[in-house]
Amino acid sequence: MRWIMQPLRWFWRVLKTPAGSLGLGFLTLGGFIGGVVFWGAFNTALEYTNTEAFCVSCHEMRDNVFEELSHTVHFSNRSGVRAGCPDCHVPHDWTDKIARKMQASKEVWGTIFGTINTRQKFLDHRLTMAKREWARLKANDSLECRNCHSELAMDLSRQAPRAAEIHTKYLLTGERTCIDCHKGIAHELPDMTGVEPGWTVDEDLQGTAHPGPRGAEEVQSHLMQAAPG
Amino acid sequence: MRQFRLPLILGACLAGTLVLAQNVPELSGPASDPMEPVPAAPLEQYVTDDVRLMRAYPEQPPIIPHSIEGYQLSVNANRCLSCHKREHSMGAGAPMISITHYMTREGQMLADVSPRRYFCTQCHVPQADTDALVGNSFTDMSQMGAASAGSD
């Protein structure tokens, strides 16, 4: 115990005693400049890990998910707007981004121990990973979709009638969020057995009984009414 | 004369080969340079008006009146069935696939879509408003004076 406490106590003493030989100006300015340099480096590193080039520097991403993305409308389209990996998988706001980055440290673990380093391992894990992303987007109300797509800017009259109708019913009412229906828009889907599409009608709205007389009792009650006594 | 017979036959064979070789059709197409890049024809736009069209004959698989761009149809996922399957047709407002899709080849009813009907685009296709690649003289049987059953 003593060997742990001793260095800590020494460090606390150094922090507590006023600087003997260093000037106040050196300490404040040095601290300021040091802070700027640290923050700059931190942010640069953060931005670097937030690029598509960084994502596809691992073969797990390049050969599986990035290759699949490259066939989709989010990669190549008539207006030339492209959504890369971080646009959908990393929140844009700083606090959310840091939170996501901390979660992503688990992915470093996965890379080191080769959790998905072959195609087969990747396919075996695909459902788990997909469900994690669906849950994340569901929880933040499809935040990453809404960084570009907004229902306020959506001209329903320019959509196919089918799309306009279902957007009015589910999106505008806030009943469902983007990811509920738009799964697998950028990557291939895992085995979807048991994954209900977003437009599934709730069990309790589907109704349990057929319209019309509900069986013998009802018919009997009508008969009793028609012929009293 | 006898000593020239073999070279003569061989010569005739060679000449015959040369003549026949002229008539071998070009397998690589008529282009002078088969590796030359050729401009691609512009892609046709799908008809996406959601209007169900009349079938040209009773057995025709109905055509798809919407875009299926990017729809996944694989062993893992079937985007078509996620709307057109019986369980989902109510929420999606899509027409349910026909009863025949729940039957085996022998007409035995199944609880779910028959595996032989799984790959929708094998029969159902979207349309583009374009000229037919091959001309045809199809005439609707109702225009050919076919009488309906029981009318005689």
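**Exercise 1. Determine how many helices and strands chain B of this predicted model contains, and assess how spread out the chain is.**

*Solution.* Step 1: chain B holds 3 helices and 0 strands. Read along the sequence, these elements give the pattern α-α-α. Step 2: for 152 residues the globule rule gives 15 Å, whereas the radius of gyration of chain B is 28 Å, so chain B is more spread out than a compact globule. Step 3: taken along the principal axes, the box filled by the C-alpha atoms of chain B is roughly 90 × 50 × 35 Å. Step 4: buried residues account for 7% of the 152 residues of chain B.

**Exercise 2. Carry out the corresponding analysis for chain A, beginning with its helices and strands.**

*Solution.* Step 1: chain A comes to 12 helices and 0 strands. Step 2: the radius of gyration of chain A is 29 Å, while a compact globule of 229 residues would have one near 17 Å. Step 3: the C-alpha trace of chain A spans about 110 × 55 × 40 Å along its principal axes. Step 4: of the 229 residues in chain A, 10% are buried. Step 5: among contacts in chain A with a separation of 6 or more, 58% join residues 24 or more positions apart.

**Exercise 3. Establish which residues of helix α4 of chain A are buried, and how they are placed around the axis.**

*Solution.* Step 1: helix α4 of chain A covers residues 59–69, and its buried residues are E60(A), M61(A), V65(A) and L69(A). Step 2: these residues lie on the same side of α4(A), because they cover an arc of only 80° around the axis. Step 3: H59(A) and R62(A), on the other side of α4(A), are exposed. Step 4: the cover over the buried residues of α4(A) includes α3 (52–55) and α7 (119–139) of chain A.

**Exercise 4. Describe the contact between chains A and B, and identify the residues of the largest nonpolar core.**

*Solution.* Step 1: on chain A, 15 residues are in contact with 12 residues of chain B. The side of chain A that touches chain B is made up of 9 nonpolar, 3 polar and 3 charged residues. Step 2: the largest nonpolar core has 7 residues in all, namely I166(A) and W199(A) together with C80(B), L81(B), C83(B), A92(B) and C120(B). Step 3: leaving aside residues up to four places away in sequence, W199(A) touches I166(A), Y170(A) and C181(A), as well as H88(B), G91(B) and A92(B). Step 4: another core, of 6 residues, lies apart from the largest one and includes V65(A), A83(A), C88(A) and A186(A). V65(A) is also one of the buried residues of helix α4 of chain A.

How values were computed: Residues are numbered from 1 along each chain as its sequence is written. Chains are lettered from A and ligands numbered from 1 in the order in which they are written. This is a predicted model: local features need pLDDT of at least 70, side-chain atom pairs count only at pLDDT 80 or more; totals for chains, interfaces and linings use all residues. Two residues are in contact if their C-beta atoms, placed from the backbone, lie within 7 Å. Ala, Val, Leu, Ile, Met, Phe, Trp, Tyr, Cys and Pro count as nonpolar, Asp, Glu, Lys and Arg as charged, and the others, Gly among them, as polar. Helices (H or I, at least four residues) and strands (E, at least two) are DSSP runs, numbered from the N terminus. The radius of gyration is taken over C-alpha atoms; the globule rule is 2.2 Å times the number of residues to the power 0.38. A residue is buried if 20 or more other C-beta atoms lie within 10 Å of its own, exposed if 12 or fewer, and partly exposed in between; C-beta atoms are placed from the backbone. The arc is that of the directions from the helix axis to the C-beta atoms. A nonpolar core is a set of buried Ala, Val, Leu, Ile, Met, Phe, Trp, Tyr and Cys residues joined through C-beta atoms within 7 Å.
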